[in-house]
Structure formats: C-alpha cells, structure tokens
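Hello,

Here is the structure I promised to pass on to you. Have a look at it first, and then read on for what turned up in it.

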Amino acid sequence: MDIGSAKITVMVGTRGVNNTICVKGLGECEYAGYEDGEWYQPDELINAVERAISLAQTDAHTKIRHLYIGVPGQFTVTQCKEVTMSLNRRRRVTDADVDALYAQGDTFSGDGEYVLINSQPIFYTLNDDRKLIQPVGLVASRLSGFISYILAEKKFTDKFDHIMNELGIETYDFVSSILAESLFLFDDFVRDRYVAFFDVGYIVTDVVVARGDGVLRQFSIPLGGGHITKELRDDLSIRFSVAEKLKRKVVLNLEFGDNDTYDINIKERVTSFSARQVNDIVTAKLSKLARTINSCLMSCDLPPSTSYYLTGGGISYMTGARDYLSKKLDRHVEIAKPKLPQYGKPHLSTVLGLMDMVLGTDEEPRKKGLFARLFGR
C-alpha cells in the first residue's frame, strides 16, 4: 500500500518471468492527504484505506490477509551509523556476523517517538578499509559498516495499527517508501556512486540521497503539483478544477508572445488564458521548489558526479518541467520511472518499488537475516 499525499494505492502482485512484476490487482482512492506530518481529514483516512483495499481485492479476485504498508518520507527519519565489531580471529564473515553488526547498531528500542522499520548498508569495510557492499564469505578479523536505519513516527504506526485492526487485516509490515523507490529505480552501479532523487507528489516532495543499498539523507518539502494548481486558481480567480486542467496544458520550454494563449473548454465554452502569465505563475513555484531542493542538497556534501533524478506524479508529466528544474539546479536532471511495460510511469515509482522490495524478500528463503534487517525485526 502506497500512501501518497493525495491518493492511496493498493497493489496485489507476484513475481513474473525475468524478474518482472505481474500486477494482479490495483485499487486507488483519492483523499485529503497530509502535510507537515499531519492528516488533513484524519477521521476519513480509514475510509480511503478501506476503499483502496476493497478495489484491489475485487480487481485481483482475492482476499488480502497480509499487507505491506509504505511509510511516506514525511513520517520517517534516517540515521546513519558507523558500527564496528571484532570477529576475534581471522575467518570468513558469515550472515550471522552481519546480523550481529546490525543488532549492535540498533539502539532505538527505547525511543518513545520512533520505531525502526528498515536497516540497510551504505557500505561495509574489513581490515583493509576497502568499501564493500557484500562482505559475507571474505576473510577478516574485523567487520565494520556504515548502516542506514530508517525509523517511522509512532503516531503514524499507531494510526495504522488501529486502521488495520478495524479492517481485519491479519498481519502487516511497515516499509520505508523512499528506500523501496531507491532500490527499485536505480541499479547498483548508479547507487554506488551516489544518487539524489526528488519524488514530487501532489502536496509533498521527498528529496532523497542514497548510496549503496541504503538511504543517506532524506528531506520532506511541503510543496508539490497541487500547490501549482492552487496558485493558478488564486492568481487567475478560477475554479480549482479549471486550474488543474490549465496546469496540464502548460509547456515550459517554449517562448510565448503577448498574444499566445492556453485554451480550456469550460462548460462547452472555450476560455483563453495568457500563456506567458500562466507560465510565469508555474515557474515561480518551480523556482521555489528548486531553491529548496538545492538548499537540502547543499547540506549533503555530494560529489560532483552525483546523478539527479525526478520522479512522482506532481510535475513529471508537465512539459518542460524537468528541463526547467535542470536549469535552476545547474545540473542535468533525468526522469526516473519503472522499467516495466505498461507501468513505466513516474507516479507508479513508489508502489512498484514497494512491491519489488517485498517480492524480492519473499523469494530469498536463505536470507532470513536479510528479512529481519530489511523490515527492522
């Protein structure tokens, strides 16, 4: 279950041939969303969750008994730790050693506000301090790791504990949405060299820096595609639905003259809006978004080779938005989207990332320790 800032999506799927994802059912329900860590209509949240689950069950012709709940970036924090342990003698590193390393760094059980949901490595080192992604099977007397621990706010998990109990979902796990996205969208080579991506949603933007198999830094910005719609509504004195249609017409990589317009059909009448004025409104919001993203990344001390990516449904479909963001960030920005036929759309990055993560885990029975580390238990 992906909990976006404007829509809840539930997907039922299995692993297909060539490591693809076969979607068996999909349920979506729009709702009021959240901002600044608070729900706009908290009492209506359970109805939206129930509706999305019901639609997915109907589409898949199955009863959902276990659910993986994606925790949005706005309700999580990331803490990275350097953890070191002695192996007592030179020998081969085992899975049990890696599990013990994670356990040594897990000091979060007494936290009253957060609960651990995911643990992943940025890198490991052995005696010679070479950075490794997989130390198991190598010979050493010392094992160290730079480990990324992702914790969810207890007010979020408590809320969904109650919802799952009310809806009769027998078992469930909480999973970091931004971690799932980073592992799904980018291959090992890209992540090993650092990657920064911006998931721009309808109300919230997540800025994520990842390396190796973990998240290094995360930021949440209360700005998304819906704020652009609101600005068009307010500045042009039009209805929100009209502003949304107008936003979808925007082309930012063209120079418009005084007489150029965007034309919108409203109740069988064509209404024209100055293309230059509309673009000025949109780019003002995008400039603010770019400044905030840049401020976040400046605090991360990233190498110049770091790749930048845009995903999510907030602005990815707006013609010229990626180019404008590249210009303002002074760095080439690529669109990141699922590499799956029929589902290669940026707004599906999170839900498919979550599906890929849980299917990958279920298919590796050898790595019980991996499951425990991945899901914080």
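**An aromatic pair and its surroundings**

Phe198 and Tyr308 are both buried (under 20% relative accessible area, where exposed means over 50% and partly exposed lies in between, with a 1.4 Å probe and protein chains only). Before going further, please keep in mind that this is a predicted model, in which local features need pLDDT of at least 70, side-chain atom pairs count only at pLDDT 80 or more, and totals for chains, interfaces and linings use all residues. Residues are numbered from 1 along each chain as its sequence is written, and side-chain values use heavy atoms, with hydrogens and water left out.

A search of the whole structure gives 16 aromatic pairs (rings of Phe, Tyr and Trp, the last by its six-membered ring, with centres within 6.5 Å; planes under 30 degrees apart are stacked, over 60 edge-to-face and the rest tilted). Phe198 and Tyr308 make one of these pairs, an edge-to-face one, with 5.7 Å from centre to centre and 80° between the planes. This pair joins distant parts of the chain, as Phe198 belongs to strand S11 (residues 195-200) and Tyr308 to strand S16 (residues 307-311), 110 residues apart. Strands (E, at least two residues) and helices (H or I, at least four) are DSSP runs, numbered from the N terminus. Elsewhere, ring pairs connect Tyr31, Tyr34, Trp39, Phe75, Phe156, Phe160, Tyr172 and Phe174 into a cluster.

**Two helix packings**

Two packed helices are described by the angle between their axes and the distance between the axes. Here the axes are lines fitted to C-alpha atoms over the stretch in contact, and angles run from 0 to 180 degrees between N-to-C directions.

Take helix H1 (residues 45-60) and helix H3 (residues 154-167): their axes come within 10 Å and cross at roughly 55°. That makes H1 oblique to H3 (angles under 35 degrees are roughly parallel, over 145 roughly antiparallel, 65 to 115 roughly perpendicular, and the rest oblique). The crossing of H1 past H3 is right-handed (the near helix is turned clockwise from the far one by less than a right angle; anticlockwise would be left-handed). On the H1 side, Leu45, Ile46, Val49, Glu50 and Ile53 are in contact (heavy atoms within 4.5 Å) with Lys159, Phe160, Ile163, Met164, Glu166 and Leu167 of H3. Sorted by class, this contact has eight nonpolar, no polar and three charged residues (Ala, Val, Leu, Ile, Met, Phe, Trp, Tyr, Cys and Pro are nonpolar, Asp, Glu, Lys and Arg charged, and the others, Gly among them, polar). Phe160 of H3 appears in this contact and also in the ring cluster.

Helix H6 (residues 225-236) and helix H8 (residues 275-298) pack at about 140°, with axes 10 Å apart. H6 and H8 are therefore oblique to each other, and H6 passes H8 in a right-handed crossing. H6 brings His227, Ile228, Glu231, Leu232, Asp235 and Leu236 to the contact, while H8 brings Gln277, Val278, Ile281, Val282, Lys285 and Leu286. The classes in the contact of H6 with H8 are seven nonpolar, two polar and three charged residues.

**Helix H9 and what follows**

Which residues of helix H9 (residues 321-329) are buried? They are Ala321, Tyr324, Leu325, Ser326 and Leu329. These buried residues pack against S11, H8, S16 and strand S17 (333-335). Asp330 comes after H9 and has a positive phi, near 55°.

In strand S17 you will find Ile335, which is partly exposed at a relative accessible area of 28%. Leaving out residues up to four places away in sequence, Ile335 touches Leu310, Ser316, Arg322 and Pro346.

**Three loop residues**

The loop between strand S14 (261-266) and strand S15 (269-274) holds Lys267, and Glu268 lies in that loop between S14 and S15 too. Lys267 is not a glycine, yet has a positive phi of about 50°; Glu268, not a glycine either, has a positive phi of about 65°. Lys267 counts as exposed at 72% relative accessibility, and Glu268 counts as exposed at 82%.

Glu113 sits in the loop between helix H2 (95-105) and strand S8 (114-125) and, at 56% relative accessibility, is exposed. Apart from neighbours within four places in sequence, Glu113 contacts Ala152, Glu153 and Lys154.

Best wishes
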